[in-house]
Amino acid sequence: MALWQTNWVIERLCEIYPQYEFKIRTFDTQGDQVLDVALSKIGDKGLFTRELEQALLEEEIDCAVHSLKDMPSVMPEGLYLGAIGKREHPGDVLVSRGVAFRDLPQGARIGTSALRRSAQLLCARPDLKVFPLRGNVQTRLRKLDQEGYDGIVLAAAGVIRLNLQHHITEFLPTEMCLPAVGQGAIAVQCREADTSVLCVLEGIDDEPTRVATTAERSLMQELGGGCQVPLAALAEWREGVLSMEALVASLEGTRVLRAGRTLAQQSGCDIRAAHALGVRVAQDLRGQGAEEILADLRP
């Protein structure tokens with residue numbers, strides 16, 4: 001998936017700047033190397049970004065391509081998100097043997113990589129047996145049969161981008177499974193002072209995606225969330241209105257707190273207003289007792 005995303009970025013840049021040549025350098029991050037342990041047990045979101053960020057700071061590379069959902073809400077000093085590409089479908093999908101989520105057998109075995117998904121799935125179906133599932137999209141699809149799962153839940157964006165849509169049984173509604181912060185968006189990180197690179201990256205920056213994910217990431221920063229806590233958020237900017245919904249849940253899904261707000265932005269995308277919206281929704285969740293849940297889950 002990482003290589004697909006990098007190639008996507010380069011193809012977009014080559015379309016705009018055919019005079020430039022781009023070279024790929026691959027990295028194996030800690031998150032890529034440790035596949036037999038749930039993400040929540042081996043660290044925070046930096047598992048997929050630290051090695052690339054260090055290479056940026058040491059000027060070994062000029063850009064780093066990430067899944068935005070894997071990025072911490074606070075970046076190292078001197079680095080900046082130079083571009084956030086147009087978002088693919090932000091939600092989650094069920095892959096099963098043709099059986100919809102509501103029709104899965106009692107006590108069905110479900111594989112997923114995120115505490116966020118696990119908590120929401122258990123809230124909807126407390127009878128389910130949910131197990132951690134790691135690996136790239138193709139590996140997870142193979143495990144559906146090899147490890148006896150009744151279904152697995154994946155980010156829709158990865159499945160679509162790899163042209164594996166035929167495996168999708170059902171797109172899970174956000175009312176049941178709200179996505180991760182930044183899910184479906186590709187981010188390109190660079191050095192904040194590298195004005196020439198920043199100018200190039202402006203060409204692939206998608207303003208509606210940036211403003212929506214800014215709201216989501218500000219909420220995550222305000223609540224101190226990450227892969228170790230069941231936190232979800234989705235913001236969408238359409239026709240001058242930025243809407244946002246977010247949740248915090250207990251691990252077992254027995255307690256799920258939701259909050260949402262809308263903000264009219266008739267004069268266009270306003271990054272500062274988007275950031276403030278995320279903070280306000282986070283405060284709404286705090287008012288419902290989110291801090292109590294999060295405090296119990298943080299290491």
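Buried means under 20% relative accessible area, exposed means over 50%, and partly exposed covers the range in between. F22, with a relative accessible area of 26%, is therefore partly exposed. The model described here is predicted. The points below cover a pocket, aromatic and charge contacts, a run of antiparallel strands, backbone angles in loops, and two residue pairs that are distant in sequence.

**Second largest pocket**

- The second largest pocket holds about 400 Å³ of space.
- Three elements give two or more residues each to the lining of this pocket: β2 (79-84), α9 (207-223) and α10 (271-287).
- Its lining is made up of 14 residues. Nearest the centre of the pocket are S73, L81, T214, R217 and H275.
- Helix α9 supplies five residues, the largest share of the lining.
- Sorted by class, the lining residues are six nonpolar, five polar and three charged.

**Aromatic pairs**

- There are three aromatic pairs in the structure.
- One of these pairs joins Y20 and F22 in an edge-to-face arrangement, with 6.4 Å from centre to centre and 85° between the planes.
- The angle of 85° counts as edge-to-face because planes over 60 degrees apart are placed in that class.
- Y20 has a relative accessible area of 40%, so Y20 is partly exposed. F22, at 26%, is partly exposed too.
- Y17, Y20 and F22 are linked into a cluster by ring pairs.

**Charges over rings**

- R109 places its charged end over the ring of F131, at 4.4 Å from the ring centre.
- R125 lies over the face of F101, and the distance to the ring centre is 5.9 Å.
- The R125 contact falls inside the limit because the CZ of an Arg has to be within 6 Å of the ring centre.

**Strands β9, β10 and β11**

- Strand β9 (residues 231-238) pairs with strand β10 (residues 241-249) in the antiparallel sense, and eight bridges join them.
- Across this pairing, W237 stands opposite L242 of β10, and A235 stands opposite M244 of β10.
- The hairpin of β9 and β10 has two residues between the strands. In its turn, E239 has a positive phi of about 50°.
- Strand β10 also pairs with strand β11 (residues 256-264), again in the antiparallel sense, over nine bridges.
- In that second pairing, S243 stands opposite T262 of β11.
- The hairpin of β10 and β11 has six residues between the strands. G253 in this hairpin takes a positive phi near 75°.
- In a regular strand, side chains alternate between the two faces of the sheet.

**Positive phi in loops**

- E59 has a positive phi near 60° and is a residue other than glycine.
- The loop between α4 (50-57) and β1 (63-67) is where E59 is placed. With a relative accessible area of 59%, E59 is exposed.
- N163 is not a glycine, yet its phi is positive at about 55°.
- N163 is found in the loop between α7 (156-161) and β7 (170-171). At 57% relative accessibility, N163 counts as exposed.

**Residues distant in sequence**

- V93 belongs to strand β3 (residues 92-96). Its relative accessibility is 0%, so V93 counts as buried.
- V93 and T214 are separated by 121 residues in sequence, and their C-alpha atoms are 24 Å apart in space. T214 is among the residues nearest the centre of the second largest pocket.
- G98 is found in the loop between β3 and β4 (109-112). G98 has a relative accessible area of 63% and is therefore exposed.
- G98 and L223 are 125 residues apart in sequence, with 38 Å between their C-alpha atoms.

Methods. Residues are numbered from 1 along each chain as its sequence is written. This is a predicted model: local features need pLDDT of at least 70, side-chain atom pairs count only at pLDDT 80 or more; totals for chains, interfaces and linings use all residues. Side-chain values use heavy atoms; hydrogens and water are left out. On a 1 Å grid over the protein atoms alone, a cavity is a set of points where a 1.4 Å probe fits but cannot get out, and a pocket is an open set with protein on both sides within 12 Å along at least five of seven lines; lining residues have an atom within 4 Å of a point. Grid points are joined across faces, edges and corners, and a volume is the space filled by probe spheres set on the points. Helices (H or I, at least four residues) and strands (E, at least two) are DSSP runs, numbered from the N terminus. Ala, Val, Leu, Ile, Met, Phe, Trp, Tyr, Cys and Pro count as nonpolar, Asp, Glu, Lys and Arg as charged, and the others, Gly among them, as polar. Rings of Phe, Tyr and Trp (its six-membered ring) pair if their centres lie within 6.5 Å; planes under 30 degrees apart count as stacked, over 60 as edge-to-face and the rest as tilted. Buried means under 20% relative accessible area, exposed over 50%, partly exposed in between (1.4 Å probe, protein chains only). A charge sits over a ring if NZ of Lys or CZ of Arg is within 6 Å of the ring centre and within 35 degrees of the ring normal. Two strands pair if DSSP finds at least two bridges between them.
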